[in-house]
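Please follow this explanation with the sequence and the coordinates side by side. It begins with a sheet and then turns to the helices.

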Amino acid sequence: MLLASRRVSAWCRRALLRQTRSAGTSSDRFVYIARERLEELLDAEVGYLSKVPIHPFTLQEVLGLGSAESLAACILNDVPKRFAVRIRMIESLGGWDHIDELNKLHSRMKTWYRRLRLIDPQNVDLQHLTETTRAIRQEGSSTVGLVALGIYKLQRANGQYTDDNLNHFLDGFLLSRIGSNMLLDQYYARAPKEAGGLARKTGIISPRCDAVALCKQAAAYASRICQLHTGQLPVVLYDNYEAGKGACLPDSPCYFSYIPGYLRYIMVEVLKNSFKATLAGATAAEIAERPIHVLICRDECHVAIRVSDRAGGIPSDVGDRIWSYLYGAAARGADEGAATPLAGYGVGLPVSRLHARYLGGQLQLTTYPGFGTDVCVRLPRITSEQVEEIEI
């Protein structure tokens, strides 16, 4: 069966891409097959590739893919496997084909899979690959809201699934999506400008990601959103410590190798929640008396960030629902694309936790009823420990 599946995988690409020489002539001709047959072959290949182990990259490995060509080869080999896994994940859900959102997402993913698999890895047109990867990312921008709403509707239509079942499914699905997006975005950022890329030396990865500067940028951005939607601004205080230094280092940077966009996303989501809770129903005097504290610490092995507020804590009856995808705006039936900058889809915390876990980190929350909430983010600083988490 394994050998047969491999033959199917090879034939799928050859069916449209491999050119053969006609006997006695110099002209090339394509081998054509019917679209229906091609779809059958691609579907069989999805089943095979969904079971092939996925290599978890380290951040250092991704940085080591120093050319657009090496990244292109990586994408054409690896990303289709991740798409195949998510296609089969959707198909594993009983009744998925009766849910519009899951049908739409399934169709999109099969289209993305097909586009990548029909690119000849032996003769890659980098500009075409850049256009393909950008189209995939743009078309997939609404995936979080789409899958959250689809899973919510599936639960209502099919009583066999518990909240725990579906939250576990969504954790795995969205974690896989983070990995695919990382590779696609890294290629686009590294690809040369003549191929439509950004020609950045290290892509989306920064060997000198400054956690202090990013926390302040995230707070400034979240503050502007709050002011726009509430007319109020929170008060934010910063503390900055390094192991062995003793005193607070207010202006000292905290450098480590990381993906700045991921840390920025985590911090914006955490701070938006804290700011929103602090400002809700508060007077200017009360806001001044309840500043949000951001603590950045590090040693040789880890960077640790804590956001503390005095917004009264999370009610006990809410409990673990803060980590659920099934109680946010998308799950309540908001239309695709209807998320607001302040509230989002209502799944910011669980998705932020996935971004922290993706490269070996943690995001934990402790609430103190009647007082406030602490959110702690802990990220590895040693490159050998910055390894993709592939499965939940």
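Two strands are taken to pair if DSSP finds at least two bridges between them. With that convention in hand, one can read the sheet of this structure, which is a predicted model, starting from a single pair of residues: Ser308 stands opposite Asp374 in β9. A further pair belongs to this set of strands, since Asp309 is found opposite Thr373 in β9. The pairing concerned is that of β7 with strand β9, residues 372–380, and it is antiparallel, extending over eight bridges.

On another pairing of β7, strand β6 (residues 292–298) is joined to strand β7 (residues 302–309) by six bridges, and these two strands also run antiparallel. Within this pairing, Leu295 has Arg306 of β7 opposite it. The two strands β6 and β7 make up a hairpin, with three residues lying between them.

These pairings can now be placed in the whole sheet, which is open, has five strands in the order β4-β6-β7-β9-β8, and shows mixed pairing. Which strands stand at the edges, each with a single partner strand? They are β4 (236–242) and β8 (362–368), and because each has a single partner, one side of each is left without a neighbour in the sheet. From one strand to the next, the twist averages 15 degrees. Helix α12 packs on this sheet, where it touches β8 and β9, and the direction of α12 makes about 140 degrees with that of β8.

The helix α12 also leads to two helix pairs, and the pair with α8 may be taken up at this point. The axes of helix α8, residues 163–190, and helix α12, residues 348–358, come within 10 Å and cross at roughly 55 degrees. An angle between 35 and 65 degrees is neither roughly parallel nor roughly perpendicular, and α8 and α12 are therefore oblique to each other. Their crossing is right-handed. On the side of α8 the contact is made by Asp171, Leu174, Leu175, Ile178, Gly179 and Met182, and on the side of α12 by Val351, Arg353, Leu354, His355 and Tyr358. By residue class, the contact of α8 with α12 divides into seven nonpolar, two polar and two charged residues.

What is the arrangement of α10 and α12? Helix α10 (residues 260–279) packs with α12 at an angle of about 150 degrees, their axes being 9 Å apart. Angles over 145 degrees count as roughly antiparallel, so α10 is roughly antiparallel to α12. In this case α10 passes α12 in a left-handed crossing. The contact draws on Tyr262, Tyr265, Ile266, Glu269 and Asn273 of α10, together with Gly348, Leu349, Val351, Ser352, His355, Ala356 and Tyr358 of α12. The residues of this contact of α10 with α12 comprise seven nonpolar, four polar and one charged. Val351, His355 and Tyr358 of α12 are named in the contact with α8 and also in the contact with α10.

Charged side chains offer a last view of the model. How many salt bridges does a search of the whole structure find? The search finds 16, and in one salt bridge the side chains of Glu40 and Arg37 meet at 3.1 Å, N to O. Both Glu40 and Arg37 lie in helix α2, residues 35–49, where they are three residues apart, or about one turn of the helix.

Technical notes:
Residues numbered from 1 in each chain as written. Predicted model: local features only at pLDDT ≥ 70, side-chain atom pairs only at ≥ 80, totals over all residues. Heavy atoms only, no water. Axes fitted to C-alpha atoms, helices over the stretch in contact; angles between N-to-C directions. Helix = DSSP H or I, 4+ residues; strand = E, 2+ residues; numbered from the N terminus. Parallel < 35°, antiparallel > 145°, perpendicular 65-115°, else oblique. Left-handed = near helix turned anticlockwise from the far one by under 90°. Contact = heavy atoms within 4.5 Å. Nonpolar A, V, L, I, M, F, W, Y, C, P; charged D, E, K, R; others polar. Salt bridge = Lys/Arg side-chain N within 4 Å of Asp/Glu carboxyl O.
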